[in-house]
Amino acid sequence: PISPIKWLSDLDKTVLMCNFEKRGWTNGSVEDGEWNFYWCSVFTARSMFHVETGTRLADDQIINHFPNHYELTRKDCMVRNIKRYRKDLEKYGNPLAERDAMGRFVHLDFIPATYTLPAEYNIFVEEFKRNPALTWIVKPAGRSQGSGIFLVNKLSQLKKWSKDPTKPNEVPHTRETYVISQYIESPLLIGGKKFDLRLYVLVTSYKPLKAYMYRLGFCRFCTVRYSKSVTELDNMFLHLTNVSIQKHGDEYNDSHGGKWTVDNLILFLEGTRGREATDKLLDDIHWLIVHSLKAVQNVMSSDRHCFECYGYDILIDSNLKPWLLEVNASPSLTSTTPSDRVLKAALISDVINIALPPSGVPDVKWNKLPSKEALGKFYILYDEELVQAEAKETESRAHRHGKLKSDSKKLVWK
């Protein structure tokens with residue numbers, strides 16, 4: 001049956017079109033504003049929410065990006081917001097901001113030491129001189145798919161890369177903003193190869209925060225065995241897991257695309273590291289994602305017309321500690337393998353089911369509480385409304401029994 005819903009998309013992706021057609025949706029029009037559901041690129045979203053060129057959205061229109069999603073998805077903004085979040089918690093004496101004897105955050109140490117270039121160049125130099133044996137990874141703040149990334153282990157490499165040869169005494173300057181992060185030199189290896197996790201997180205609201213985690217994340221493997229050798233610093237097939245880089249390597253396998261499901265990873269870790277260590281890792285990953293979202297909650301424009309499916313990139317080190325590398329606003333919908341196509345088509349279908357109210361028609365007045373059936377392969381990662389309701393219930397129950405306990409970590413998370 002033909003549905004009254006009109007879709008728009010500026011991305012020519014099969015997984016999107018198949019989902020829209022299966023639902024009987026018809027193609028809308030940008031010009032006359034005849035549309036209900038818009039899955040667009042970040043550039044289109046930016047112009048839609050632009051102060052001068054932007055359009056006022058109707059109650060039955062929803063779009064797949066928040067107006068200033070870059071607060072989380074630009075590498076420099078993400079780091080700045082997480083640092084500010086930790087500082088604010090510390091200022092108010094929140095136990096979450098507790099530090100250890102070395103000055104490291106006990107509960108919120110989930111991003112490697114990171115500085116912005118050129119702005120924080122001098123601070124970085126001080127840090128580099130304190131630990132001259134470390135390797136650092138340099139990334140353009142606004143690019144994706146592994147573009148423009150390189151590793152350095154000497155200050156001279158950085159100076160040579162960024163300096164204007166005509167002004168040798170100036171602070172290195174770059175045309176675009178870069179971030180430089182401590183390189184995790186002891187990643188967890190499987191079969192001698194480095195990998196990272198791509199996890200999908202759907203946010204339907206920032207105020208209150210409502211986030212969902214997709215069960216079918218995957219690991220992306222490098223095609224070349226990992227080595228700490230200084231001579232291999234330039235070999236990106238060994239250091240970067242991005243499929244856009246790995247697919248050009250001689251060892252790339254078209255049938256599985258260097259990917260493993262998260263379920264396979266869990267089985268492997270339970271077998272090699274035990275159930276307890278694996279459960280702790282999964283808890284730590286959930287914790288990291290929730291607090292990265294809380295870090296941007298107050299700066300994010302929580303427009304009720306918006307939802308967003310993020311691609312979280314997480315690296316696990318040899319101690320089974322997860323590190324947040326970056327968050328993508330437009331995770332790739334291109335399918336590199338048949339199983340990829342199935343996963344991404346199902347992902348989009350579940351995203352749509354959660355973003356739409358039970359009536360199937362977008363409505364910004366809806367309370368954004370999807371039914372269990374609508375969740376599909378997603379599960380609730382964090383729902384602030386439910387957490388607050390639970391906290392109130394716990395408090396009133398405690399008052400009724402004449403005793404009130406507050407466990408800060410549980411109230412924030414569980």
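In strand β13, threonine 261 is the bridge partner of phenylalanine 218. That pair is a good place to enter this predicted model. Phenylalanine 218 belongs to strand β12, which covers residues 218-221. Strand β13 covers residues 259-261, and β12 pairs with β13 over three bridges in the antiparallel sense.

Now look at another partner of β12. Strand β10, residues 193-206, runs antiparallel to β12, and four bridges join the two. Here phenylalanine 221 in β12 stands opposite phenylalanine 195. Which way do the side chains of β12 point? Phe218 and Arg220 point one way. Cys219 and Phe221 point the other way. All of these residues are buried.

Move to strand β11, residues 209-214, where tyrosine 214 is found. Is tyrosine 214 buried or exposed? Its relative accessible area is 2%, and buried means under 20%, so tyrosine 214 counts as buried. Leucine 202 lies twelve residues away from tyrosine 214 along the chain. The C-alpha atoms of the two are separated by 7.9 Å.

Next come two open sheets. One has four strands in the order β2-β1-β3-β4, with parallel pairing. Its edges are β2 (26-27) and β4 (62-63). Each edge strand has a single partner, so one side of each is left without a neighbour in the sheet. Strand β3, residues 37-39, runs parallel to β4, and two bridges join them. Across this pairing, phenylalanine 37 has isoleucine 62 in β4 as its bridge partner.

Another open sheet also has four strands, but its pairing is antiparallel. The order is β5-β8-β6-β7. The edge strands are β5 and β7 (150-152), and each pairs on one side only. From one strand to the next, the twist averages 25 degrees. Inside this sheet, β6 (residues 136-140) and β8 (residues 178-182) pair over five antiparallel bridges. Isoleucine 137 has serine 181 in β8 as its bridge partner.

Turn to a helix. Helix α11 holds 18 residues, 338-355. How far apart are its end C-alpha atoms? They are 26 Å apart. At 1.5 Å a residue, the helix should span 26 Å, so the two values agree. Many positions can be checked for burial here. The buried residues in α11 include Asp340, Leu343, Lys344, Leu347, Ile348 and Val351. Residues three or four places apart in an α-helix point the same way, because there are 3.6 residues a turn. Ala355 in α11 is buried too.

Ala355 leads to the enclosed spaces. The structure holds three cavities of 30 Å³ or more. The second largest cavity has about 90 Å³ of space. It is lined by 14 residues, and the closest to its centre are Ile62, Arg304, Cys306, Ala355 and Lys368. So two residues met above return here: Ile62, the bridge partner in β4, and Ala355 from α11. By class, the lining of this cavity has nine nonpolar, two polar and three charged residues.

Finish with an open space. The second largest pocket has about 850 Å³. Of the 24 residues that line this pocket, Arg86, Arg104, Asp109, Ala113 and Tyr115 are the closest to its centre. Two elements give two or more residues to the lining: α4 (75-91) and β5 (114-117). Which of them gives the most? Helix α4 does, with four residues. The lining of the second largest pocket divides into ten nonpolar, four polar and ten charged residues.

Terms used:
Residues numbered from 1 in each chain as written. Predicted model: local features only at pLDDT ≥ 70, side-chain atom pairs only at ≥ 80, totals over all residues. Heavy atoms only, no water. Expected span 1.5 Å × (residues − 1). Buried < 20%, exposed > 50% of the residue type's maximum accessible area, 1.4 Å probe, protein only. 1 Å grid on protein atoms, 1.4 Å probe; cavity = no way out; pocket = protein on both sides within 12 Å on 5 of 7 lines; lining within 4 Å. Points joined across faces, edges and corners; volume = space filled by probe spheres on them. Nonpolar A, V, L, I, M, F, W, Y, C, P; charged D, E, K, R; others polar. Pairing = 2+ DSSP bridges. Axes fitted to C-alpha atoms, helices over the stretch in contact; angles between N-to-C directions.
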